[in-house]
Amino acid sequence: MDRGELQQLDAEALRVRLADAERNYYANLHELQEQLSRLNAVQVLSKLLIGYGDPDAALDKLVDLSIRDFGVEKAVVLQPRGDGYAVVAIKGYSRRRVRELTDCVVGSGDERIAQIVEGGASRLFEGIDGELANALDLSQAIICPLRSDSGEFYGLFIVGFSAAKAVLYRAFTNSDRDFFDMVAAQVSALLQNIRLRDTFRKFVPRQFLDRLAKQGLGNIALGEADSGIVTILFADIRSFTALSETLSPQELLNFLNTYFERMNSPIHANGGFIDKFIGDAIMCLFIDEDPAIAARNAVRTSLDMLAALQSYNEQRKREGSGPISIGLGIHTGETVIGTVGSADRMDSTVLGDAVNLASRIESLTKQYEVQILISSSTYRHIASDPTIRCREIGVVTVRGREEPDTIYEVLSEAPLESVNSGANSQIT
């Protein structure tokens, strides 16, 4: 071989090496761009999930982003139902197949480890039911459990591609598995937070949580506070002490729960929420950016509560029990919503003179033998509403306040002439 041939061989080998280096460069660049795209998508997912209070909506967003930004053909979330799993979120399938899958419940073991599965999801359901595995039609899949830190199992997050599209997707690696496991962990944390919120809402109103737990339930601190104009409604059962003396403790508890359940519906239907139960009394709040809307909602609630009470009394009559009556007081004013207590025992509450005034106005319903009384502040907010009828009762002075206030009765029928029998009364 002469020198020229040797030089030609070296040049050819160099071109091959350069070509290999170029391919590796672009392959690495493509992989880097893919990873950056995925990380950006994870950031988007995190921001979106923070605002979700509905687990179904969050899971739908998860499968949407998986197809759009995570580089897979199909994505499915399965959750336990009965003795097996059911599809609760799905993307990348035809409408017909989606209908087939969402109607399919299939049994499976409790998978707890993120894994890459060759041959699709068939191995996951091996020996139990192949129907769902065949319908998923995945030649390669990554299966990640959705689980809380404490091990609570929410379901399975599955991504992959079919044999027909395999040429368009590269085979999964352990790096892909770790990435989707990280995504599943984020979604699991969201699901855990939603469940915690649902549990807390049984004890703490959602509106309090929205105001005081904006950074998550774990970040609520003693002294958290938010101020604003709130409409407060107090409802109290008349002659409750005498009634309670005729009932056993269990009968009293059953009565109160039945009564509270009846009153709860109109409160929530009008946008209010119960702050607390105080014996037989109910304290509920109405909050809106427009205080007039909150005031109108509170007044309409009071009328709806009387209608619910009438229905309840009809039931009590059929059961051989006597009717009950209630008094309702409403006031609109500046309050502070916050957390009080100690580091290891906190409670949410609303504070301010407005709360005391609403309670004392309710107590006046007995004196004036009316069912609904409102303050002048609430009246100013609802006076222009033709659907709400009121009459002036009189001017009263609350103990501890220098300025007197005019109170009004809310009527469910045509208003009567104003009366001033309560002028200059003292609320004690």
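**Exercise 1. Find the residue just after helix 8 that takes a positive phi, and describe the helix that precedes it.**

Solution. In this predicted model, the residue just after helix 8 with a positive phi is Gly 271, at about 85°. Stepping back into the helix, we find that helix 8 covers residues 249–269, which makes 21 residues, and that the distance from its first C-alpha to its last is 31 Å, close to the expected 30 Å. The next step is to list its buried residues, which are Leu 252, Phe 255, Leu 256, Tyr 259, Phe 260, Met 263, Pro 266 and Ile 267. To read such a list, recall that an α-helix has 3.6 residues a turn, so residues three or four places apart point the same way.

**Exercise 2. Decide whether the rings of Phe 255 and Tyr 312 are stacked or tilted, and do likewise for Tyr 259 and Phe 260.**

Solution. A pair of aromatic rings is described by the distance of the centres and the angle of the planes. The whole structure holds nine aromatic pairs. For Phe 255 and Tyr 312 the centres are 6.5 Å apart and the planes stand at 25°, and because planes under 30 degrees apart count as stacked, this pair is stacked. Phe 255 belongs to helix 8 and Tyr 312 to helix 9 (residues 291–318), so that the pair links distant parts of the chain, 57 residues apart. Both Phe 255 and Tyr 312 are buried. For Tyr 259 and Phe 260 the centres are 5.5 Å apart and the planes are at 50°, so this pair is tilted. As a last step, ring pairs join Phe 255, Tyr 259, Phe 260, Phe 277 and Tyr 312 into a cluster.

**Exercise 3. Work out how strand 8 and strand 9 are arranged, and which residues cover the two faces of strand 9.**

Solution. Strand 8 (residues 273–278) runs antiparallel to strand 9, and five bridges join them. Phe 273, for instance, stands opposite Leu 285 in strand 9. The two strands form a hairpin with two residues between them, and in the turn Gly 279 has a positive phi of about 65°. In a regular strand the side chains alternate between the two faces of the sheet. On one side of strand 9 lie Ala 281, Met 283 and Leu 285, on the other Ile 282, Cys 284 and Phe 286, and all are buried. Since six of the six residues of strand 9 are buried, this strand is largely enclosed by the rest of the structure.

Note on methods
Residues numbered from 1 in each chain as written. Predicted model: local features only at pLDDT ≥ 70, side-chain atom pairs only at ≥ 80, totals over all residues. Heavy atoms only, no water. Helix = DSSP H or I, 4+ residues; strand = E, 2+ residues; numbered from the N terminus. Expected span 1.5 Å × (residues − 1). Buried < 20%, exposed > 50% of the residue type's maximum accessible area, 1.4 Å probe, protein only. Phe/Tyr/Trp six-rings, centres within 6.5 Å; stacked < 30°, edge-to-face > 60°. Pairing = 2+ DSSP bridges.
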